[in-house]
Each structure stands twice: as C-alpha cells, then as structure tokens.
Amino acid sequence: MRMPKAAMHRPVDPSSLTAPVRPVPLDETDHLAGGRLTIDLAALAANWRSLAARSGPSECAGIVKGDGYGIGLEAATGTLADAGCRTFFAATIAEGLRAKAVVPEAAVYVLNGFPPGAAALVADAGLRPVLGSLEEVEDWAALGRSRGRPLPAALHVDTGMNRLGLARDVATSVAADPELRRHLGLTLLMSHLACADTPDHPLNARQFEAFQAARALFPGVPASLANSAATLALPATHFDLVRPGIAVYGGQAVSKRDNPMRPVAVLEGRIIKIREAGAGESVGYGAAETLSRPSRLAVVGIGYADGFPRAAGSSDATGGAAGWLAGHRVPLVGRVSMDLLVYDVTDVPPGAARRGDWIELFGDHVPVDDVAARAGTIGYEVLTHLGSRFSRDYVGQA
Ligand SMILES: *Cc1c(COP(=O)(O)O)cnc(C)c1O
C-alpha cells in the first residue's frame, strides 16, 4: 500500500518528544507484561558470603560480566560490595565503567583487555585491564613509562584454554624483560580453567602445573585461578583470590553434584487462558506434540522473544522443560512460540490453575539449569539471554 504523502511527511511535534511518560502506578506494572523476573539480592549476597567463607583466607572476587549474569550489573555490583566484596571483574570496558560508577573505591578488572589506542581511557577510568596478549602488555607498559609510574593490571597466562592469556613462551620472555616489567604494575597473575566443572578431568591437573610454573616466573604477584567450580571442588586452586561467577548467581557450577547455592533469579509467566484439548489433538506450531490424554492447558505470555530458549520446547520425540504451579511440576507442551508457552496443567486442581495465575518457569522449584539442559545449553546462557520485556523486581536489598 502506498502511503499518502501528507502522512509520510507529517511534521513531528517537538514537544511530543519530551513529553513525560505517564508514570505507571506500581500495582499496575504487573499487568503490562506477560512475565516477571524477581531477583533475590539477599540470596546473591548469601551465595557470595558462603563462597567467601569456603575459600578463606583467599580473597573472593565478584564477577559481574554478562550484565551481572543477566540480573543487572549495577544491582549485582552494589549488592556484592555491601556483602564485603572489594575486587570485581567485568568483561568489557563499558561494563568496567558501569561497575566503577557503583564502587569507585574497588578494584575493577576488565577481562577482555582493551583495543589498540584505548589504554589511556582504561587507566584514566581507574580500571585494571587483564592483559591477555603481548600487544596489550606492551601498550600498558608504554603507558606506564609515559606516565612515569607502573599502572595496575592483571596478567593472564594461558595454561590450556588457548583463548586469552599469554602463551608460555611469551610469558617467559615478558618475565625475562626487566625494562618491560619495570613499567607494569602487576597486581594479579591469573589463568582460567577449561574443565573445572568436571573436577577429575585430567586437564585440571595439567593447567594447575602450568600455572605453578607461571607463578615461578612472577614471584610475589598475587595469583588467581579458580572459577566457581574450582572454588567449590578444587581447593588447591584457590591461591590468593577466587573468581566465582555462576555459583554466586545461583547456577550449577560442578556437574553431577547437588547445587549448594540459593536461586537468585525467578522467572514467572502469567496464565493468559486455560483451555481443554482432546487426546490426539496437537498443540502449537508444527503440530510437534500430540496429546495422549484429554488435557487442560495453560497458555502463558512469555516466549523466545523474552529469552526463554526455543530449544526447551517439547515434541512427541523429546520432552521439554517443565514449570511449577501450586506444588505441581507442569510440563511444557509443544514448541516455544515467540510470545507464548503452553503448559500441561491437567494434574493441577482446577482452582489452582486460573487465568491470571503465575507459573514459575525457573527459580525456587525448577532450577534454571534444568530448563537449560532441556534446551541443550547451560544456565549461564539462559540467564544472560533474559529479555527486557518483563518487569524486574529486585527483592532482599540489604
Ligand atoms: C567468567 C569467568 C569466571 C567465572 O566463571 P564461573 O564459571 O561463572 O564461575 C572466572 N574467571 C574468568 C576469567 C572468567 O571469564
């Protein structure tokens, strides 16, 4: 259809661009979206404290990359700081700046370092890059030289991940270069484990040995190797500072073990309608699942556009994720749509599954890792993909 010219060129009233948005009364915000995300900051703080207690006397850092594992970087940073955390790791400079704005006095490391030409920006913001390549080491030393003082940074040595970090021969040559060393204010020597979620994986021992060799190259520099899984299951890797991420956010860190952490993020979807469907009928796109009995179905207003993984859907061939309603586990039926999910609530008493009720998609009863496993992924990905359409309620603030 051709638009009439007048409509295409209708001038914009400039005052309409700045007109205040009508504030939404608090008790109405629940009505605006199909889901709600509740983030329990008391659980976040408790998880961090329990990891700090397990790893003591090593320092326990806070990892706030991935927008604080999806729950919000500022809320995560502030809560962990209140719990006693003094050292933070963000992924990008932008995230580092956000963390620094919340905790100006804390040490904030940037895991992904900095691109060419950005060293001064990082230093001026008071951020500490994690130097992961010879180029970054040389840029940071050059800045330290030009400013007449070594600037704080972590040095990442690769011990088997082949991702970031200096290869062993490069680390050896940096260690042997007194001119370079003089202009580097190394506050941390770190590496990262590839298989800590599987504590008896042979690569853990090899990485541990390689890290010990790297420590011998940089005597006196505080050392850090452990992520969540290693903090929980490999105490020999604690060194001076541990870096647990996912466990603080309540996720499963060590495979095939009970998860000792408290859930932090609870995602609920509202039931839009309850409907009946007969045995032999199919549900949703692709007619992927056929009902084996007369069923009561709850249609919920969340979908993959909200970050709920499409791969967690159910079909005749494979079961999908389950939710939780009124004490009952309720399985997904059929595919995950953009904005809708369908759960089988046949076994829930009718009075407990009504239009307007909330189904827990993951949280206190359904581990986020179970939903992730059904989708062939990990809790980290489900959390960091959470969308922005539903309300986020932060509870349990200190
Ligand atoms: C993400 C990350 C961590 C935290 O890992 P978890 O598995 O979430 O505990 C620690 N160190 C580095 C270098 C990381 O990139």
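## Close-up views of selected contacts

**Figure 1. D357 is buried, with a relative accessible area of 15%.** The model shown in this and the following views is predicted. D357 counts as buried because its 15% relative accessible area is under the 20% cut-off. The residue forms a salt bridge with R354, and the closest N and O atoms of this pair are 3.1 Å apart. R354, in contrast to the buried D357, is partly exposed, at 45% relative accessibility.

**Figure 2. D347 and R293 are joined by a salt bridge between their side chains.** The N to O distance in this pair is 3.2 Å. D347 is located in the loop between strand 17 (341–344) and strand 18, and R293 in the loop between strand 13 (289–290) and strand 14, so the salt bridge ties together parts that are 54 residues apart in sequence. The two partners fall into separate accessibility classes: D347 is exposed, at 52% relative accessibility, whereas R293 is partly exposed, with a relative accessible area of 31%. The class of D347 follows because its value of 52% is over the 50% cut-off for exposed residues.

**Figure 3. R36 and E268 form a salt bridge between strand 1 and strand 11.** The closest N and O atoms of R36 and E268 are 2.8 Å apart. This pair links distant parts of the chain, with R36 in strand 1 and E268 in strand 11, 232 residues apart. Both R36 and E268 are buried. In total, the structure holds 12 salt bridges.

**Figure 4. Strand 11 (residues 265–277) pairs with strand 1 (residues 35–40) in the antiparallel sense.** The pairing of these two strands extends over 5 bridges. Within it, G35 stands opposite G269 of strand 11. Strand 11 also pairs with strand 18 (residues 358–362), again in the antiparallel sense, over 4 bridges. There, E268 has E360 in strand 18 as its bridge partner. E268 is also the residue that forms the salt bridge with R36.

**Figure 5. Strand 11 and strand 14 (residues 295–300) are antiparallel partners.** A total of 6 bridges connects the two strands. In this pairing, K273 has V299 of strand 14 as its bridge partner. In a regular strand, the side chains alternate between the two faces of the sheet.

**Figure 6. Salt bridges link D67, E74 and R98 in a network.** The three residues D67, E74 and R98 are the members of this network.

**Figure 7. The ligand is surrounded by residues that include K65, Y69, L111 and M190.** Further members of the surrounding set are H192, N227, S228, R243, P244, G245, I246 and Y380. By class, this shell consists of 6 nonpolar, 4 polar and 2 charged residues.

**Figure 8. Side-chain atoms of K65, Y69 and S228 lie within 3.5 Å of ligand oxygen atoms.** For K65, a polar side-chain atom is 2.7 Å from an oxygen atom of the ligand. In the side chain of Y69, an N or O atom is 2.6 Å from an oxygen atom of the ligand. The corresponding distance for S228, from an N or O atom of its side chain to an oxygen atom of the ligand, is 2.5 Å. On its own, the ligand has 380 Å² of accessible area, of which the protein covers 93%.

Terms used
Residues numbered from 1 in each chain as written. Predicted model: local features only at pLDDT ≥ 70, side-chain atom pairs only at ≥ 80, totals over all residues. Heavy atoms only, no water. Near = heavy atom within 4 Å. Polar contact = N/O pair within 3.5 Å; in protein donor to acceptor, adjacent residues only side chain to side chain. Areas by Shrake-Rupley, 256 points an atom, 1.4 Å probe, with all protein chains shown as cover. Nonpolar A, V, L, I, M, F, W, Y, C, P; charged D, E, K, R; others polar. Pairing = 2+ DSSP bridges. Salt bridge = Lys/Arg side-chain N within 4 Å of Asp/Glu carboxyl O. Buried < 20%, exposed > 50% of the residue type's maximum accessible area, 1.4 Å probe, protein only.
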